[in-house]
Amino acid sequence: MGRRIGASRSRQRVSRALGAVAIVALTGALVPPAHAEQAPDLTSAEITSALAGVDGLLADTSPTRSPEPGEALSTPMLGVPSDASEGLRVGTLEIGIPGEESADPAVRVRSGVVTYPSDSSYASAARVTRDGSLRALVVIEGDGAPTEFRYPIDGATHLVRNPDGTVSVMEHDLTISVVAAPWAVDAHGSPVRTDFRIEGTTLVQVVFHEGAAYPVVADPKFTWGWLTGTVYFNRAETATIAAAGWGATGLTTVCALVAAPAGPIAIAAMAASCFFFSASIVYAAGVANNSRPQKCLKIKVTPTPYGPWFDPGAHTDAAMCYGLRGFGSGIGSIVGR
């Protein structure tokens, strides 16, 4: 009798243990562990809504021409790829896009704006502005997103951080692009602390977004800097241009030589614009040449979505006007990028 009671209790303990295992298995199946939570999907509409929530961010988007093959947006100096893995084009540079591995193909949401929907906790977008620069935007959905966003820059030899927070992208001794000081804002429009770090030729934007109101938008702004500046000609060059001794074809050649260090894209854009503005350049050279005392020709170059804009005028810088500095032989001197 005692053995039967003991056996019965043993069977009860086994039954309760099996029941507990079944309950644990069942509840484990019904309640997923916290680490298995799926990252939010960021659609193109959600990305666009976040961008539109930043005051003035989409106000100066630029019209663009028909895209080049493989690009969703194109201007002579800038390109936004259809496939995020191809990278942004800024002059002769190719700039990697954060989160490219999880990005869907580009969606053009309006003139000058492209989004890359993502199944990650952050997504990228790009915007071409009227001043000829390109914004590489990141929309951060939640506190599970990373705090560092990497922009590898192919075509640069090194990067230089400037005292004002900007970064110069260098090709040896030539500044070929400038990155504006970083910024980030949350859903309430409040600034979020952010900074740049340089790792070789990779620009890293660090966004300290923990505790912010999401979504947070951050943005490095790239300007193709080589064609932003002023070309200064000396006295002999000014006199020759004033006499139309070079003519439109000669001016085009000179401007192409000035752009040569920036590569074939800059050469083509500079030469085409120089030809278009040749009459006003010759006129400005004549005014400078006939001034008393005589002055020298200068041409301020400003990038636009359609190519460089030339604004010719006169200068009296002794060093450049009288040939003490510059490239010489009718090529002029460029400063102020």
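This is a guided tour of a predicted model, moving from the whole chain to its cores, a cavity and a few selected residues.

**The whole chain**

Begin with the full protein chain in a cartoon view, where 7 helices and 21 strands can be picked out. Colouring by burial will show that buried residues make up 47% of the 337 residues. If you draw a contact map alongside, consider the contacts between residues at least 6 apart in sequence: 61% of these join residues at least 24 apart.

**The largest nonpolar core**

Next, select Val-80, Ile-153, Leu-203 and Phe-222, which touch the most other members of the largest nonpolar core, a set of 41 residues. Strand β8, covering residues 133–140, supplies the largest share of this core, with 4 residues. Apart from this core lies another one, of 14 residues, and to locate it you can select Leu-58, Ala-123, Leu-137 and Val-217, which are among its members.

**Phe-222 and Ile-153**

Centre the view on Phe-222, which is part of strand β17 (residues 221–223). Is Phe-222 buried or exposed? Its relative accessibility is 0%, so Phe-222 counts as buried. Leaving aside neighbours within four places in sequence, show the residues in contact with Phe-222, which include Val-90, Ile-95, Ser-133, Leu-134, Ala-136 and Tyr-151, and also Ile-153, Ser-177, Val-178, Val-179 and Leu-203. For one of these pairs, draw a distance between C-alpha atoms: Phe-222 and Ile-95 are 127 residues apart in sequence, and their C-alpha atoms are 9.6 Å apart in space.

Move then to Ile-153, for which, again not counting residues up to four places away in sequence, the residues touched are Leu-93, Glu-94, Ile-95, Leu-159, Val-169, Thr-201, Leu-203 and Phe-222. Ile-95 and Leu-203 are therefore worth keeping on display, as they appear in the contact list of Phe-222 and in that of Ile-153.

**The cavity**

Now turn to enclosed space, where the count comes to 1 cavity of 30 Å³ or more. The volume of the largest cavity is about 40 Å³. To display its lining, select Leu-88, Ile-97, Pro-98, Tyr-116 and Ser-124, together with Ala-125, Ala-126, Ala-136, Leu-137 and Tyr-151. Two or more lining residues come from each of the elements β7 (122–128) and β8, and β7 gives the most, with 3 residues. Coloured by class, this lining shows 9 nonpolar residues, 1 polar residue and no charged residues.

**Glu-71 and Arg-89**

Finish with a pair of charged side chains, beginning at Glu-71, which is placed in strand β1 (residues 71–74), and continuing to Arg-89, which is found in strand β3 (residues 88–90). Glu-71 counts as buried because its relative accessibility, 15%, is under the 20% cut-off. Arg-89, with a relative accessible area of 17%, is likewise under 20% and so is buried.

What joins the side chains of Glu-71 and Arg-89? A polar contact of 2.9 Å does so. Around Glu-71, not counting residues up to four places away in sequence, select Gly-79, Val-80, Pro-81, Ser-82 and Arg-89 to see what Glu-71 touches. As a last step, add the backbone oxygens to the view and follow the side chain of Arg-89, which reaches that of Leu-78 at 2.8 Å and that of Thr-75 at 3.3 Å.

Conventions: Residues are numbered from 1 along each chain as its sequence is written. This is a predicted model: local features need pLDDT of at least 70, side-chain atom pairs count only at pLDDT 80 or more; totals for chains, interfaces and linings use all residues. Side-chain values use heavy atoms; hydrogens and water are left out. A nonpolar core is a set of buried Ala, Val, Leu, Ile, Met, Phe, Trp, Tyr and Cys residues joined through side-chain atoms within 4.5 Å. Buried means under 20% relative accessible area, exposed over 50%, partly exposed in between (1.4 Å probe, protein chains only). Contact means heavy atoms within 4.5 Å. On a 1 Å grid over the protein atoms alone, a cavity is a set of points where a 1.4 Å probe fits but cannot get out, and a pocket is an open set with protein on both sides within 12 Å along at least five of seven lines; lining residues have an atom within 4 Å of a point. Grid points are joined across faces, edges and corners, and a volume is the space filled by probe spheres set on the points. Ala, Val, Leu, Ile, Met, Phe, Trp, Tyr, Cys and Pro count as nonpolar, Asp, Glu, Lys and Arg as charged, and the others, Gly among them, as polar. A polar contact is a pair of N or O atoms within 3.5 Å; within protein, one must be able to donate a hydrogen and the other to accept it, and residues adjacent in sequence count only if both atoms are side-chain atoms.
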